Each structure stands twice: as C-alpha cells, then as structure tokens.
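Got the viewer open? Good: have your selection tool ready and we'll walk through a few stops together.

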Amino acid sequence: MSYVNMRDMLSKASHEKYAVGAFNIVDAMTAAAVVRAAEAKRAPAIIQTSVKTAKLYGCAFLVATVKALAKKANVPIALHLDHCKDLSLIHSCVKAGYSSVMIDASSFPFEENIRMTKEVVEMAHPHDVTVEGELGAIVGVEDDIHVKEQESHLANPEQALEYVSQTGVDVFAPAIGTAHGIYKGEPKIAFDLLGRIAGEIRAAIAIHGGTGLSDEVFKKCISLGGAKINISTQIKHAFKDSLSEYFRKSPQVYEPVKILAYMRDKVQEVIESFIEKFGSEGKA
Ligand SMILES: [Zn+2]
C-alpha cells in the first residue's frame, strides 16, 4: 500500500476493467487533494507532474511531498513524471525516487523512439520504477511539446506491437485521437485501433487527454482496455476557478491558508468525480 509504482495497480485495473486516474498536480496542495480524494473513494491513484512542475520545484521536493502524503494514506499512490523527452531529467527523477516515468520520444523516428525508450527502461527497472512510452502523436499542447492537428497521427498497430515488445515498457500510450487541452468539437476516437492494440500487447494502456471526454467515451475506452486515464486541464481549471470564486465571494480575506484549503476541497471534488467515472472507487 501507500507509495507504489504503477505495475500492480494497472494490471489489476486492466483485468477488472476499470481505470486508475492519473492526475496532474502543480503543488503540495493539489497533491494533497489527489490523496484525499483517493482515500475518500478508497481508490488507487496516480499523481503526475509535468516537466514544468518538476523543474519548478525540483524532483526531490516533489518526491518528499508525495511520499509523506502517500505513507499516511491507506490506498496505493504512484508518483509519475508525465511526457518527458529529456533523458537527464528522467534520470534525475528516477534517482530522486519517482516511482514511475514517461519517456515521450514519439516525435522522433520510430527506431529512435525505440532506442530512447529502451534506454529509459534499462535505467528505471533496476530501481523498480515503471516506464510509460508513446507512439503516434497526440494533438495539443503538453508542456513544451506542441502537436498541431495536421501533424498528429495515430499509432500504427504493427509498430505498437514491435515498440512494446522491443522496449519492455510497462505502460503504453497510443495516439488514438484524444487530445491535450480542451476539445474543439466532438473528438474522433479510433476505438477499433484501441481495441486492436490492447488485445495484442502485454503493457497496460494509458489514455491521454481525458479532460472533456464524455462518460460514454470513458466507458468505451475502459471496456476496450484503457487502464490509466490522464486528467490535467480540468484540474488547472478547478485550481483557477476556485481561486476566482473565493475572491468573488470573500474579497476581504487575505489569509492564504483559508484560500488554499478552499481550493484543495474544490480540486478534490473534481478528482472524486473522475474516480467515480473511471470505476476505480472501492478498488484499493
Ligand atoms: Zn499526455
């Protein structure tokens, strides 16, 4: 229990057909909101940090914060580095104690993506750190990685099989038509492709761009094999909206702790609602 990597939580989710929420945090308060939501719903949860967040605070600070929260929790909590193509930062996170990392070399040619991913797997696995890799190009902006709609392309199923077997990744993020940020119009998800890939590979499947997908789409992705679903944009909105709401309601308050507690509770509510949608409630 408490501080773990993603292996057991995602294999259980894959088998039992629910998904574990992977929530991007920006500070200790949002990390606490994830752990409190997971405990309230008795669900496993993944705390993710973007490269930007890892650079803002430093890996050691984030590891210490999440470990302190996880050790007191009676549900499994993983700390995962989201989309990173910088091998030296991945190495620093592994050394600092992240329990999971993502190497996103999807913008490189296929062979180079395999080579870089394999290097990360060989470096991370001896430390019992799980690795997520990506194939195809997920549209939208994630940190410093910008993918325009015309540049996006879906994962190729033959290459997916080869990528997963050659690299040994634990978690695989295929581009299936979901997007980072806010969807413009109805997203076109390649469900057939998702089902085909999930049926052939041994790695757990991660679905990126969870914010804005309908309950139906979540259900379908999970039934086809999605075991990890990333939520980032919605948390940023809850963060900002709760802050503006607080100032609108109580413009005279200047006590930061009161404001932070209010924001934490609002972020926690949002996370709890995703845990319910993903079916991971009661699974810890
Ligand atoms: Zn992503």
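What follows is a short tour, stop by stop, with something to select each time.

**Before we set off**

This is a predicted model, where local features need pLDDT of at least 70, side-chain atom pairs count only at pLDDT 80 or more, and totals for chains, interfaces and linings use all residues. Residues are numbered from 1 along each chain as its sequence is written. Helices (H or I, at least four residues) and strands (E, at least two) are DSSP runs, numbered from the N terminus.

**Stop 1: helix 1 and its end**

Select helix 1, residues 7-16. Which of its residues are buried? They are M9, L10, A13 and S14. (Buried is 20 or more other C-beta atoms within 10 Å of a residue's own, exposed is 12 or fewer, and partly exposed is in between; C-beta atoms are placed from the backbone.) Look down the axis of helix 1 and the buried residues fall within an arc of 130 degrees, so they line one face of the helix. The arc is that of the directions from the helix axis to the C-beta atoms. An α-helix has 3.6 residues a turn, so residues three or four places apart point the same way.

Now colour H15 and E16: they are exposed, on the other side of helix 1. To see what covers the buried face, add strand 1, strand 3, strand 8 (171-174), strand 9 (204-207) and strand 10 (226-231), which are among the covering elements. Contact here has a cut-off: two residues are in contact if their C-beta atoms, placed from the backbone, lie within 7 Å.

Step just past helix 1 to K17, which has a positive phi of about 60 degrees although it is not a glycine. K17 sits in the loop between helix 1 and strand 1 (20-24), and counts as partly exposed, with 14 other C-beta atoms within 10 Å.

**Stop 2: R42**

Next, select R42, in the loop between helix 2 (28-41) and strand 2 (45-49). R42 is not a glycine either, yet it has a positive phi of about 50 degrees. With 14 C-beta neighbours inside 10 Å, it is partly exposed.

**Stop 3: helix 5**

Move on to residues 87-96, helix 5. Its buried residues are I90, C93 and V94. They cover an arc of only 100 degrees around the axis, which puts them on the same side of helix 5. The cover over them includes helix 3 (51-57), helix 4 (59-72), strand 3 (77-84), strand 4 (100-103) and helix 6.

Buried or exposed: what about S88? S88 belongs to helix 5 and is exposed, with 8 C-beta neighbours inside 10 Å. Try a distance from S88 to V120: their C-alpha atoms are 10.0 Å apart, though these positions lie 32 residues apart along the chain. Then go just beyond helix 5 to find G97, with a positive phi of about 115 degrees.

**Stop 4: helix 5 against helix 6**

Keep helix 5 and add helix 6, residues 110-124. The two pack at an angle of about 20 degrees, with their axes 11 Å apart. That makes helix 5 roughly parallel to helix 6. (Axes are lines fitted to C-alpha atoms, for helices over the stretch in contact, and angles run from 0 to 180 degrees between N-to-C directions; under 35 degrees counts as roughly parallel, over 145 as roughly antiparallel, 65 to 115 as roughly perpendicular and the rest as oblique.)

Show the side chains of L87, I90, H91 and V94 on helix 5, and M116, E119, V120, M123 and A124 on helix 6: these make the contact.

**Stop 5: helix 6 to helix 7**

Now add helix 7, residues 157-167. The axes of helix 6 and helix 7 come within 9 Å and cross at roughly 30 degrees, which means helix 6 is roughly parallel to helix 7. Here F110, N113, I114, T117, K118 and V121 of helix 6 meet Q159, Y163, Q166 and T167 of helix 7.

**Stop 6: helix 7 to helix 8**

Last, bring in helix 8, residues 191-200. Its axis and that of helix 7 come within 10 Å and cross at roughly 30 degrees, so helix 7 is roughly parallel to helix 8. Select P157, A160 and L161 on helix 7, then L193, R196, I197 and E200 on helix 8, to light up the contact.

Finish on G199 in helix 8, which is exposed, with 10 other C-beta atoms within 10 Å.
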